[in-house]
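Biologist: I would like to go through this structure with you, beginning with its charged side chains and moving outward from there. Please give the reasoning with each reply.

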Amino acid sequence: MASTATRGERRVSPVFLALVAIMAVSLWAVWTGFSASPGFAVFLFILSGWIVSLCLHEYSHARTALHGGDISVGAKGYLTLNPLLYTHAVLSIVLPVVFVVMGGIGLPGGAVFIEQHRIRSRWKQSLVSAAGPLMDAVFALAVGLPFLLGALDGAPDNVRYALAFMIQLHVTAVILNFLPVPGLDGFGVIQPWLSYKVRRQVEPFAPFGLLAVFGFLWIPEVNHAFFDMIDAALRTLGVTEWDTYWGQELFRFWQGTPEIPPLHTVDFG
């Protein structure tokens, strides 16, 4: 049977369009200096952009599942990009936003319910799981293109810092989400290839997988290695630690506006 969804099931939600509008207007405010608080404009840009990317992440899971044979995703509203229709809004939206605010880590979301028995092959089941973090990687690359192309010359420094922090969040999300840990998409990629017995044994641990990952990140050696990996990935995009540091400082507008030295006065040599 063909994998289809009605026009209504594919209509983009006004909620998502509103988030995109907030993202665009807040970036304009950062660029023009229109906002009385540059940090608040950066905060709105990062927060709305992060939720937009979470919607795209979940949409990618659902769209791939649709083409794999799960036509139920349309009726559930997953193709509308409406974050209010996710099965676990707390896991997909609230917790990721809280972790962004608290620690600047891109917490993987995950809350579209896929009826795996409808997916026609193990390869397609793996691809459904991989689709979300792959979308995060595409988003990070898209935001990183101005750095790669040197297109930010002449742009306000705060724009550079806001984009850099956005990229950092998505790079952390990609790396965390591809870990082969129960409850994360990385485990979903390999799960179809495991025996039924192994899957049943691992299943009870899925709700705690993400907590275990963050527990390990509290170990200094693990934390250091993790952020070294993040920094290496950012450097390939032309993003420096200076950029991401000040992006995060601006994002935390409630701490006051930081005094940032002009970029042209900084020697990175």
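Biologist: Does Glu115 count as buried or exposed, and at what relative accessibility?

Modeller: This is a predicted model, and the value for Glu115 is computed from its atoms. Buried means under 20% relative accessible area, and Glu115 falls within that class because its relative accessibility is 16%.

Biologist: Which residue forms a salt bridge with Glu115 at 3.2 Å, and where in the chain does that partner lie?

Modeller: Glu115 is in the loop between H5 and H6, while its partner is in the loop between H4 and H5, so that the pair links distant parts of the chain, 39 residues apart. The partner counts as partly exposed, at 24% relative accessibility. The closest N and O atoms are 3.2 Å apart, and the residue in question is Lys76.

Biologist: How far apart are the closest N and O atoms in the salt bridge between Arg118 and Glu115?

Modeller: Side chains of opposite charge can pair when their charged atoms come close. A salt bridge here requires a side-chain nitrogen of Lys or Arg within 4 Å of a carboxyl oxygen of Asp or Glu. Arg118, which is partly exposed with a relative accessible area of 33%, satisfies this with Glu115, the closest N and O atoms being apart by 2.5 Å.

Biologist: Which residue forms a salt bridge with Arg118 at 3.8 Å?

Modeller: The pair links distant parts of the chain, 48 residues apart, with Arg118 in the loop between helix H5 (89–103) and H6 and the partner in the loop between helix H3 (38–68) and helix H4 (72–75). The partner is buried, with a relative accessible area of 0%. With the closest N and O atoms 3.8 Å apart, the residue that pairs with Arg118 is Asp70.

Biologist: How many salt bridges does the structure hold, and which residues do those with shared partners join into one network?

Modeller: The structure holds four salt bridges. Arg118 pairs with Glu115 and also with Asp70, whereas Glu115 pairs with Lys76 as well. Salt bridges that share partners therefore join four residues into one network, namely Asp70, Lys76, Glu115 and Arg118.

Biologist: What is the separation between the C-alpha atoms of Glu58 and Leu81?

Modeller: Glu58 has its place in helix H3, and it counts as buried at 1% relative accessibility. Glu58 and Leu81 are 23 residues apart along the chain, and their C-alpha atoms are separated by 7.8 Å.

Biologist: Which element gives the largest share of the largest nonpolar core?

Modeller: The largest nonpolar core has 63 residues, and those with the most contacts inside it are Ile46, Val73 and Ile167. The elements that give two or more residues to this core are helix H2 (14–32), H3, H6, H7, helix H10 (209–217), helix H11 (220–236) and helix H12 (241–251). The largest share of this core, 14 residues, comes from H3.

Biologist: Which residues does Ile167 touch, leaving aside those up to four places away in sequence?

Modeller: Ile167 is one of the residues with the most contacts inside the largest nonpolar core. Not counting residues up to four places away in sequence, Ile167 touches Ala140, Val143, Gly144, Phe147, Leu234, Leu237 and Val239.

Biologist: Which residues form a nonpolar patch on the surface with about 380 Å² of accessible area together?

Modeller: One member of the patch, Leu149, lies in the loop between H6 and helix H7 (157–177), and at 66% relative accessibility it counts as exposed. Together, the patch members have about 380 Å² of accessible area, and they are Leu141, Leu145, Leu148 and Leu149.

Biologist: Which residues does Phe178 touch, again without those up to four places away in sequence?

Modeller: Phe178 is placed in the loop between H7 and helix H8 (185–190), and it is partly exposed, with a relative accessible area of 35%. Not counting residues up to four places away in sequence, Phe178 touches Ala130, Pro133, Leu134 and Gly186.

Biologist: How many helices and how many strands does the protein chain have, then?

Modeller: Read along the sequence, the protein chain follows the pattern α-α-α-α-α-α-α-α-α-α-α-α. Buried residues make up 47% of its 269 residues. The count for the protein chain is 12 helices and zero strands.

Key
Residues numbered from 1 in each chain as written. Predicted model: local features only at pLDDT ≥ 70, side-chain atom pairs only at ≥ 80, totals over all residues. Heavy atoms only, no water. Helix = DSSP H or I, 4+ residues; strand = E, 2+ residues; numbered from the N terminus. Buried < 20%, exposed > 50% of the residue type's maximum accessible area, 1.4 Å probe, protein only. Patch = residues over 30% accessible without salt bridge, like charges linked within 9 Å, V, L, I, M, F, W, Y side chains within 5 Å. Areas by Shrake-Rupley, 256 points an atom, 1.4 Å probe, with all protein chains shown as cover. Contact = heavy atoms within 4.5 Å. Core = buried A, V, L, I, M, F, W, Y, C linked by side-chain atoms within 4.5 Å.
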